Every structure is written in C-alpha cells, then in structure tokens.
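User: Please take a close look at one part of this model, beginning with how its strands pair. Then please set that part beside other helices, strands and individual residues, in one connected account.

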Amino acid sequence: MARQYPIEDYRNFGIMAHIDAGKTTTTERVLFYTGKSYKIGEVHDGAATMDFMDQEAERGITITSAATTCFWPGRDGKKRRLNIIDTPGHVDFTIEVERSLRVLDGAVCVLDSNQGVEPQTETVWRQGDKYGVPRIIFSNKMDKTGADFYMCLDDIKEKLGAKAVPLQIPIGAESNFVGVVDLIEMEAITWDGDGKDAKMTKGPIPADLVDKANEFRASMIEAAVEMDDAAMEAYLEGNEPDKDTLRKLIRKATVTRAFYPMMCGSAFKNKGVQPLLDAVVDFLPSPLDRESYVGIDPKTGADLPRKPSDSEPLSMIAFKIMSFEHVGSITFCRIYSGKLEQGMALANTTRDKKERAGRMYLMHAADREEIKEAFAGDIIALQGLKDTRTGETLCDPNKPVILEKMDFPEPVINLKIEPKTKADQEKMAIALHTMAVEDPSFRVAVDQESGETILKGMGELHLDIKVDILKRTYGVDAIVGAPQVAYRETLARPADVDYTHKKQTGGTGQFARVKLKLEPNETGAGNVFETSIIGGTVPKEYIPGVEKGVKSVWDNGILIGFPLVDMKVNLYDGAFHDVDSSAIAFEIATRAAMKEGCEKGGVKILEPIMDVEVVSPQEFVGGIIGDINGRRGQIRDQQMRGNAAVIRAFVPLANMFGYVSQLRSQSTGRASYTMQFAHYAEVPRNVADEVKAKYA
C-alpha cells in the first residue's frame, strides 16, 4: 500500500490555550466540519469527543492529550491530512503540553476574546517558543459579553511580546457578532444563525468597516512584504502583491515565526472555524517545512540528521502512553523519517532495548482504525510495546539514532496513600505502575522505613486527579493522607572533614580514611562529586564506594530526611589498608564523613516556592492581597486585565494547601488562580523550627 497523501499535504498541529478559552470546543468543531464527528459534543454537556475520560467530562477540562486524524479540502479543493493533537491547558499538566509540543509542527493558540492573554496562555506560549512551534492565533468567544478583538491584539504585543498580524477583523462583537472580514480577499464572511449547519456566505464588506479593513490590510501587507526583497521593492513602487504571493509570504513568515497570523470567531456558535481550517492548510508548516531533525548517534554521540522522507531510515518518538480497556496500553508515536510496517523489529535507543511493532492504529479520540503501515509525518498508536516510555526514540535497529532526550521536572508535592483492603493492595500497585508510565511527572515511591506508598506530583490538583482516576478507572479504594511539601536540604557553609573508619574484631577488620571538601553549589546547579586524589592514597577501585556513600546521604538528607541538593563534594585525600580496606568500608566512612561535614557546615531547609497568579474582580483585591501576605507570599505585580485585576505573587507551596476554597469564599466564587513551580528558597528560621519538629 503506497502513501495516500504526499507529506507536503500533512499538517501536524495542536490547539493550545489557557484553561476555559474554548480549546476543546474549537477542536470539536474542527472534527465536525472535517466530517469526523457527526454529533457535535459540548464540553459543558460533558460530551466532548476528545475528552473521553470520566474525569475530563466531569471537570470540563482536558487532562490527557489525544491525537486525531481528519481531512480538510483547502481552498483549492485538494484534501489535506490533518493530525490534531489536543493539548491540556491546565497548569498541573504542563508536562502533557510539553510532550505534545515536541511532536507538533505548528499550533493554533486559542484566546478568550474577553480575557485576552491569561496566565496559562503565557505559559503555553513560552513553551511554544521553547520548541520553536509556528502558531496561528484564534481569538475565540467573540460572541461573549465584553469580547474585544483589538484588546486581544494589544495584549499579545504587551504580554507575550509577540507580533500578531490580523488576517481578519470581526464584524460586530458580543451578541452582534455575525462574521469576519477576510483581509486577503477583502470580502465579508458571515454565517446565518448559530447552528452547526449555518450557511457561510461571502459578500461585500459592511460600509462602516471599509476604512478599518483597508487600514488593517495595509499593515498586513507591510508585514508580509518584509519576507521577500523583490516583493518589498515592488510594494515600495506602489505594486501590491497578488493574493497567491501574499499567502506565500504570510506562510513564510508563519513558518519562520517572523509574525503570527491572527483570526477570530466563536467556535461555540460555529462561526469562523472553516476559515481557520483554511488558514491551517495555507500557513502552518508541513513536516517538510521544519528543518530535518537532528538526532545523535548512540555510539559516537555525533549529530545524525533525519530528513522527513519515507526513503530515510525509520525514526520516531513515543510521546504519550495511554491505557485503554480491552486493549491494554497504547503508545502514541510521531514518525519523523522512514516507514513503519506491522511486525517490524524496532530499537529503543534511549534505553537500549528491543521492541516489535504490534498492531498499529490511526486514532480518533477514543475510536481507532487499524492500519498495516505508516509513513514519515504520521502520528500513530502502537499496541504491544513493552519497554518504551514517554519521550523515547524508536528506530531501525540497523541505523540507530536518539532524536531527543526529554527532561521532566521534579515533583514538589507528596501524598501518602494506602489501600483500604488487602484485595485493593495488588490492584493499587498495578494501577499506580500504569499511571506512572503514562505520566512521567507523576512518581510513585515506597518509604523504606515505614513501607508506605508515596505519590509525588506537580501540585494538589495533579495528585487529586490521580487519586480520582485510581478510584474510578481502576476501582481502588484508598485512604489518602494530607498532601506534604517536598522540602530539600542544602549545605550552608563550606566544610572540610577528615574521617577514619576503623573496626577490629577477630579476623579481617575494616579500615578506610577519607578527606572530603564540602561546598555549597550555585542554586539549581545540582550535586557534583569530584575526586582530586594524588598518588593513589585512595585506590581507584574504592572510589565508587565513596561515591555511593555520598549519594546515599544526598538522597536521604541529614536534618529532616529530604534530599540534599546543590552541593559539591571533593574527595581530595585519604588512606587505606592493604588487607582491611574494601569498597564497603569506604562507603561507611564516607557516610559518616558526610554527616560530620554537614553538621560542621550547617544544613538549611529549602522549600518549593510557587508562582501564583490570581485573577479577580477589583472589589476583592484588598482581601486577596492580605490573604497572600498572610501566607508568606511576596506580591510581584498587580495590573488590570480587561475589568479584572491580576495579582502575581511568589508563595511557598506549604501555605497554598486548600487555597482554592479560601479564594472562592473570599470572592463569592468569582476569582480564579493558577500556580506553577518557580524555584526552591530557604525556609525562614521560625518556620524551619516547625518543619524540623514535624519531621524529626
């Protein structure tokens, strides 16, 4: 079976947005108009196709990113293949957003027209910048009271520092929103009614908008001709580019991120979705427009390019793992080069494991269609991979490559959990293992001393939802402890230590002497172990024992049992005994030396500080700021966004528990907040004493 659609007709894109900007509704409409979904699902009815987990339908938020393939005839009537990846907007699921962005070629950034750029929009936008993703901006909810397209435009410039170039302006706003002016064609596009079968009509621009349309068209052309010298010269001589040239220039600008085309509409009222799909085809890149992907050779570490072509060796990234009833676990992969056939042998170069391609599917939300082969640019789901985790590379075993290593942030919050009955015990262990494989920002650990199971995650909501999934999806009843902050310890001052471990009981004794220099490292620089032994005072074979001793103290901490971070340890001298020394003796000596050194240098407790943003009506601001100050928060800035006040603060995570209910009662449910991990900072002395008392 040959490839049905040429790779230049692929668009792998995602829809990114702040929570509640209407991302899932927009995806729903896209699926409806591309003929994939015959019944329009409403998020607020809990029936959105892309949200197929109970938790999603209920909370009205997208937790997992699902991948869907659909088709759209562009303006020329030629079918294009769209692979849409639905990305979550909630901050506790940032990791999902990152994983999705890694495999996208472009994105549609959805804004809520009456809110403009919201806190989460900034987060997802910055992630888009990090991965170099070209974007189109869609100003959604134009039918909402207070919707303001031009405010959104200013917001993008001010808050995101990005250059947005409108390709449309709205006709009317709020309840009078009827359509858009297409600035390339210079015609009005209107919809008669709000229903899904509302007819789209093209006609002349309303008289009162002609001047505005001309003004915005002129600035659009000025931005576009900057992409090409010949077009620029012609324009300066008074010749405007024709429509095809204009589209080519806008496409070039979008792909190179020179500017971001901006559209508007109301997905909920079925207005503006078809022109948005045309823009996806016209302006977002195909896999060929992104430079070839540069991986590394696992053997030599040298750069290895992989071009997006079927004739190249196979390479793909597993970007998501999900469990489905009756099917087991399914791995979503993006193929970067080569072609994949069912039953092929694969190498997982990240882990150095062998895999085999089992059944392959094209996914549509929760439905799937089985396929026998897939090509470069495809996004597919594979069944039966045993050892592959998120972010790992799968490729042709004879032409190995590692496409990219993914970094996952460290969890900042812990939760103890125990099954209610013996029967739940095994079920819980299996379920937690599956969940940890699916979401690398969620970890499961067992406390060595107490044997308790500890869940670790990115925030209260993150763990809340995990516990919810345990109960509903896996039917595990569990007793959940109070969430606890993941503190860290660090060295206060440098210390030098000389420690000798001697044990003499009948037979061979134990002997090891180590001299260590302990120093604080720069914040966030991590732990470093070095040796500067001269003249073999500690033989090479014992150094791994020393390193093991250092690491065990780093992992278990000194003061309150949390890991030690940002610390340099240098083994610079020592002594050994021909008979009585061993790696284990050096490990024991090092552990004792580390403890002694840490006591000498003093240990500080660090706590996670969260970047909190509260959006609230003006009248509640005083109370909210007072409350944040009472939580040891530092207000960073305060500004107006539309008619709401936005307060940004750094607040210790320890003081953010239960904040959601406090904020609701304080603002009669009208304020909302988001938070994400910012950095670790030293705990003030009075609080440190409390923490020590709690964990000692």
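Analyst: Two strands are taken to pair if DSSP finds at least two bridges between them. The model described here is predicted.

By that criterion, strand S8 (residues 179-182) pairs with strand S9 through four bridges, and the two run antiparallel. Within this pairing, Val180 of S8 faces Ile189 of S9. The two strands form a hairpin, with four residues lying between them. One residue in that turn, Met186, has a positive phi of about 50°. On its own account, S9 covers residues 187-191 and is mostly covered, with four of its five residues buried. S9 also pairs with strand S10 (residues 200-203), again in the antiparallel sense and over four bridges. In this second pairing, Trp191 is the residue opposite Met200 of S10. S9 is thus paired with S8 and also with S10.

A second set of pairings is centred on strand S31. S31 (residues 510-520) is joined to strand S30 (residues 495-503) by nine bridges, in an antiparallel arrangement. Here His501 has Ala512 of S31 as its bridge partner. S31 is joined as well to strand S33 (residues 567-575), by eight bridges and likewise antiparallel. In that pairing Val514 stands opposite Gly574 of S33.

The helices may be considered next, starting with burial. In helix H9 (residues 273-283), 11 of the 11 residues are buried, so H9 is largely enclosed by the rest of the structure. The buried residues include the polar Gln274, Asp278 and Asp282 as well as Leu276, Leu277, Val280, Val281 and Phe283. Val273, Pro275 and Ala279 are buried in H9 too.

Helix H14 (residues 621-630) has a buried set of its own: Val621, Ile624, Ile625, Asp627 and Ile628. These residues cover an arc of only 160° around the axis, and therefore they lie on the same side of H14. Gly622 and Gly630, on the other side of H14, are exposed. After the helix comes Arg632, with a positive phi near 60°. Arg632 is not a glycine, and its phi is about 60°. Its place is in the loop between H14 and strand S35 (634-641). Since its relative accessibility is 26%, Arg632 counts as partly exposed, a class that lies between under 20% for buried and over 50% for exposed.

Another non-glycine residue with a positive phi of about 60° is Asp352. Asp352 is found in the loop that lies between strand S17 (345-348) and strand S18 (353-356). With a relative accessible area of 70%, Asp352 is exposed, the cut-off for that class being over 50%.

The packing of one helix pair can be described through its geometry. Helix H10 (residues 422-438) and helix H11 (residues 460-472) pack with their axes 11 Å apart, at an angle of about 135°. The two helices are therefore oblique to each other, and H10 passes H11 in a right-handed crossing. On the H10 side, the contact is made by Ala431, Leu432 and Met435. On the H11 side, Lys466, Ile469 and Leu470 take part.

Leu432 appears again in the surroundings of Thr453, a residue in strand S26 (residues 453-457). Thr453 is buried, and its relative accessible area is 17%. With neighbours within four places in sequence left aside, the residues in contact with Thr453 include Met428 and Leu432. Leu415, Lys416 and Ile417 are also in contact with Thr453, as are Val444 and Ala445.

A last buried position is Ser315, which has its place in strand S14 (residues 315-324). Ser315 is buried, with a relative accessible area of 0%. Leaving aside neighbours within four places in sequence, Ser315 is in contact with Arg334, Ile335, Tyr336 and Ser337, among others. The contacts of Ser315 also include Arg306, Leu394, Cys395, Val401 and Leu403.

To return to the part examined at the outset, S8 and S9 form a hairpin, S9 has four of its five residues buried, and S10 pairs with S9 in the antiparallel sense.

Conventions. Residues are numbered from 1 along each chain as its sequence is written. This is a predicted model: local features need pLDDT of at least 70, side-chain atom pairs count only at pLDDT 80 or more; totals for chains, interfaces and linings use all residues. Side-chain values use heavy atoms; hydrogens and water are left out. Buried means under 20% relative accessible area, exposed over 50%, partly exposed in between (1.4 Å probe, protein chains only). The arc is that of the directions from the helix axis to the C-beta atoms. Axes are lines fitted to C-alpha atoms, for helices over the stretch in contact, and angles run from 0 to 180 degrees between N-to-C directions. Angles under 35 degrees count as roughly parallel, over 145 as roughly antiparallel, 65 to 115 as roughly perpendicular and the rest as oblique. A crossing is left-handed if the near helix is turned anticlockwise from the far one by less than a right angle, and right-handed if clockwise. Contact means heavy atoms within 4.5 Å.
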